[in-house]
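Student: I'd like to learn how to read a model like this one, feature by feature. Can we go through it together?

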Amino acid sequence: MERPNESKSASSASAWMPFIVSSNIEKADPATRKLIRSHARRGKTHKRGRHTENHQAANMGTIARHTQIVRVELEDVVEFYTPLVPGRIGSDICFIEFPDEIDSSIVLNMAKVSSVAMKVIFPLITAIDFPRDNEGWIPLFGRDAAALHITAFAMQGFIDKVLRRQNIINPPAILHLQRGLKLLRERLLADDDEIKVSDSTMGLVLKLASTTHFNGDHQASKQHMEGLRKMVDLRGGLDVLRDKTFLVEMLRVDLGVALLNSSQPVFFRQPLEPVIEYPEKMLPAPDNKFYYPEDNIKLMGSLDNELARSWQVMRRFCLLVNLGTQTQRLIRLETIHETMTAVMYRLLRTSFAAGSIDETIRHGLLAFSYHVFLQWQDIVPPYHQFAAAYKSCILGVKSAGGIPSQLILWLLMAGAISIFDISEESWLRELIKEYTNICRIKTWKEMQDILKSYMWIVMLSEKVGKRIYSLLDLDRVGQAVD
């Protein structure tokens, strides 16, 4: 290697920067390796501050040993430059071979919508430590035509109903559903027992259950969940499922199908299937009365013990989510999963006398929990069984009396943000207006303070709560939303 005229000045030395060119990755000659090592050490021998020198001196033995062992080979230099090579052009879908019958526009729509779909399907995602990788579906599509067809059907329905606000039958989407079902049926009738209960097959059935439930087909969604339960049993039960994200979504669909149709869930329904314990961090100290509204300690104390415990856990959960939102400390996915499972499955497994305060509180907790854990971003579900039962409970305790006005207002608002369409429920609007007046509420802030004294998650309910409040059309001077 030929060098320019050497100079002893620091400026000329630093200005000279040789390039090493090699056509293979074999070890270079001794002179070249020595040159590489000398450049690797540059900057390490410069004069440093007193603190750095002291710290370096304290660790000199370790640094010396590492300096003697570590060698910079030519292949390592090649690796150093690899990140500088320009990345690929285009998205991941450019390198996937899709079935010929798949329209490229549908694939592009799925790619665009997938980045925002989870925020709609699970709004609490912004408050928890949840996987944010939206590219997991791409390699699956490349290998599984059934998954692509069924997801195309589900995504097109999502686009039509949620984004375009069109309740229509989309012929291309139906065609994808038929093709996906055909491929799934062939898979289940094949001789390969392992693929019948594989993660991909279970994922397809779960997607079908979720989609049919969203479309209002209770019978179909229930059948899919029953089939999924059999697959889980063949796999060895819930404990053997490694994909916790899949587990959470499966339980969410199971809870939603059961709650909105006043039916039994497919999981945790047998006496030998004990529901998981409440998360320890959600349990308040026995002598701590902070978790009850101050004016309703006696009422909470008169509830069934298990129901009162569910109330405590949900209220503490709301407090921690609100605090985490303010301090940017996110709630872990495991905490969400455990709280949802422990609270909602217990509430579904119990019941109390019709018209009792306990039964009304149970329905109120279920409605509010549905809003927190299951609801698709303020979308009112197309089911009426649970809504009718909840309405009956509210009207019953209102007539019987003995329950604080603030708590009735919370029960009304819990239903208004979750399962009732307030624009179509005149009885609900009138009752909320009535109890807003009884509680002497003049601003949305005063309304929110009462709701938070029971349980309320600001990041989830602020927008819809304000919208409901503005629809009341209260005839009072000085009434304000802000």
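Student: Let's start small: is cysteine 439 buried or exposed?

Tutor: The general idea is relative accessible area: buried means under 20%, exposed over 50%, and partly exposed in between, with a 1.4 Å probe and protein chains only. Cysteine 439 has 15% relative accessibility, so it counts as buried. Cysteine 318 is buried as well, at 2%. A disulfide would be a pair of cysteine sulfur atoms within 2.5 Å, and the structure holds zero of them.

Student: What should I keep in mind about where these values come from?

Tutor: This is a predicted model, in which local features need pLDDT of at least 70 and side-chain atom pairs count only at pLDDT 80 or more, while totals for chains, interfaces and linings use all residues. Residues are numbered from 1 along each chain as its sequence is written, and side-chain values use heavy atoms, with hydrogens and water left out.

Student: What is the average pLDDT of the protein?

Tutor: pLDDT is the predictor's confidence in each residue, from 0 to 100. Here the average is 76, and 67% of the residues score at least 70. Over residues 44-98 the pLDDT is below 50, and that stretch has 34 contacts in the model beyond near neighbours in sequence. A contact means heavy atoms within 4.5 Å.

Student: How many helices and strands are there?

Tutor: Both are DSSP runs numbered from the N terminus: helices are H or I with at least four residues, strands are E with at least two. The protein comes to 22 helices and two strands. Of its 482 residues, 43% are buried.

Student: Which residues have the most contacts inside the largest nonpolar core?

Tutor: In soluble globular proteins, nonpolar side chains tend to be buried together. A nonpolar core is a set of buried Ala, Val, Leu, Ile, Met, Phe, Trp, Tyr and Cys residues joined through side-chain atoms within 4.5 Å. The largest one has 108 residues, and Met250, Phe267, Phe368, Trp410 and Ile432 have the most contacts inside it. Helix α13 (residues 244-260) gives the most to this core, with eleven residues. Apart from it lies another core, of eight residues, including Phe158 and Trp376.

Student: Which residues of α21 are buried?

Tutor: In α21 (residues 444-454), they are Trp444, Met447, Gln448, Ile450, Leu451 and Tyr454. Take the directions from the helix axis to the C-beta atoms: these residues cover an arc of only 160 degrees, so they sit on the same side of α21. They pack against α15 (305-327), α19 (405-416), α20 (426-438) and α22 (458-471).

Student: And what does threonine 360 touch?

Tutor: Not counting residues up to four places away in sequence, threonine 360 touches Tyr390, Cys393, Ile394, Val397 and Leu411. It is in helix α17 (residues 357-374) and counts as buried, at 1% relative accessibility. A polar atom of its side chain lies 3.0 Å from the backbone oxygen of serine 356.

Student: Which sign does phi have at serine 262?

Tutor: Most residues other than glycine have a negative phi. At serine 262, phi is positive, near 50 degrees; this residue is in the loop between α13 and α14 (297-301) and is exposed, at 51%. Arginine 440 also has a positive phi, near 60 degrees. Its place is in the loop between α20 and α21, and it is exposed, with a relative accessible area of 70%.

Terms used. Polar contact = N/O pair within 3.5 Å; in protein donor to acceptor, adjacent residues only side chain to side chain.
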